[in-house]
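Me: I'd like to learn how to read a structure like this one. Can you take me through a few features, one at a time?

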Amino acid sequence: MDILKFLKNWTLPVSMATGAMAYLLFAFTPALDAASTFLQPIFEAILPLFMFLILYVTFCKVDFRKLQPVKWHLWVGIFQVIFVAIVVGAILVFHIAGKGLILLEAILTCIIGPCAAAAAVVTQKLGGSLEDMTTYTFLSNFICAALIPICFPLIEPGANMGFVASFLLILYKVCMVLVVPMILAYITKHLGILHKLHQWIVSVKDLSFYLWGCSLMIVTGTTVKNIVHADSTVAFLLLIALLSLILCMIQFAVGRYIGHFFHSTVESGQGLGQKNTAFAIWIAYTYLNPLSSVGPGCYILWQNIINSIEIWHHERHTKELNATAKGYAES
């Protein structure tokens, strides 16, 4: 039980450490070369499946009747589109290539990625609205599914493929990962013959949490692989990490600034700042320069540090308020 408690409390570092060590073990142990060659395409294939299942399980537990758009959803969505347009516009207008392009692609994946499914859980811990956050998670996946097929063919044209062909191919793959699980979750929840399946999914505590831990191991291994095989300097990799940190703070800050106009600081900050980094790494590795996946790989660390600080500050503030209230009651 102590081991299970430890794994649950430290899922992020354990998953990342396991993924990194597993890759390094297979990569630098000659006796495991055959196994490494065999397993690589399997892990690349199951990562989108894990992302699909995480969203499917998450939305199976959602009361769709409570999903109602609110004002901050619109403005956070608009600012995400603006940020994406700025980065893509800079690449196209200034014809950026080489390392400059890799840097901007790393930034782009950290912006264009959808809101993380775990954002609703963090928002609830911070005293925010679970329903508002879940609704935006739903909406942000549609925004992402619309933006990626438009932007990626412009900056990384497919080999021997025109814009329309690239657009349709990417749209299909992105929708299979982001949109289809939402539709299937709705069907599972409301179709009578699938009632038992829905009840089982709901009854398994923290199922999406454990699926997320598995996906995190895979994406960490992928990120470490790209770093090890990067034809680049340590200074350049550190620059990507630094830019992802700055971007993470900017997105959380802008989100919270938007939210204070609608009394939804926590929700808006998480909506713009907390990203589905597993998906961001996958799209970077699949459609852009693989080295750009280092950006969202570092973003995982930064956003979870910010989340940890926010949760710690909120719990400390809550304890102080409770202690003050108790003092007044006793006096």
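Me: How much space lies in the second largest pocket?
Reply: A pocket, on a 1 Å grid over the protein atoms alone, is an open set of points where a 1.4 Å probe fits, with protein on both sides within 12 Å along at least five of seven lines. Here the second largest one holds about 670 Å³, the space filled by probe spheres set on the points. This is a predicted model, where local features need pLDDT of at least 70 and side-chain atom pairs count only at pLDDT 80 or more, while totals for chains, interfaces and linings use all residues. Residues are numbered from 1 along each chain as its sequence is written, and side-chain values use heavy atoms, with hydrogens and water left out.

Me: Which residues are closest to the centre of that pocket?
Reply: Lining residues have an atom within 4 Å of a point. There are 27 of them, and Gln40, Phe43, Ile218, Gly221 and Thr222 are the closest to the centre.

Me: Which helix gives the largest share of the lining?
Reply: Helices are DSSP runs (H or I, at least four residues), numbered from the N terminus. α3 gives the largest share, eight residues; α2, α3, α10 and α13 each supply at least two. By type, the lining has 16 nonpolar, eight polar and three charged residues, with Gly counted as polar.

Me: How do I read the packing of α11 and α12?
Reply: Two packed helices are described by the angle between their axes and the distance between the axes. Axes are lines fitted to C-alpha atoms over the stretch in contact, and angles run from 0 to 180 degrees between N-to-C directions. For α11 and α12 the angle is about 145 degrees and the axes are 7 Å apart. Their contact residues divide into five nonpolar, nine polar and one charged.

Me: Is α12 mostly covered or mostly open?
Reply: Buried means under 20% relative accessible area (1.4 Å probe, protein chains only). Eight of the nine residues of α12 are buried, including Val266, Glu267 and Leu272, so α12 is mostly covered.

Me: What about leucine 247, and what does it contact?
Reply: Leucine 247 sits in α11 and counts as buried because its relative accessibility is 11%. Contact means heavy atoms within 4.5 Å. Leaving aside neighbours within four places in sequence, leucine 247 contacts Ile107, Cys110, Ile111 and Tyr299.

Me: And which residues does threonine 134 touch?
Reply: Threonine 134, in α7, is buried at 10% relative accessible area. Not counting residues up to four places away in sequence, threonine 134 touches Phe59, Val62, Leu67 and Ala120.

Terms used:
Buried < 20%, exposed > 50% of the residue type's maximum accessible area, 1.4 Å probe, protein only.
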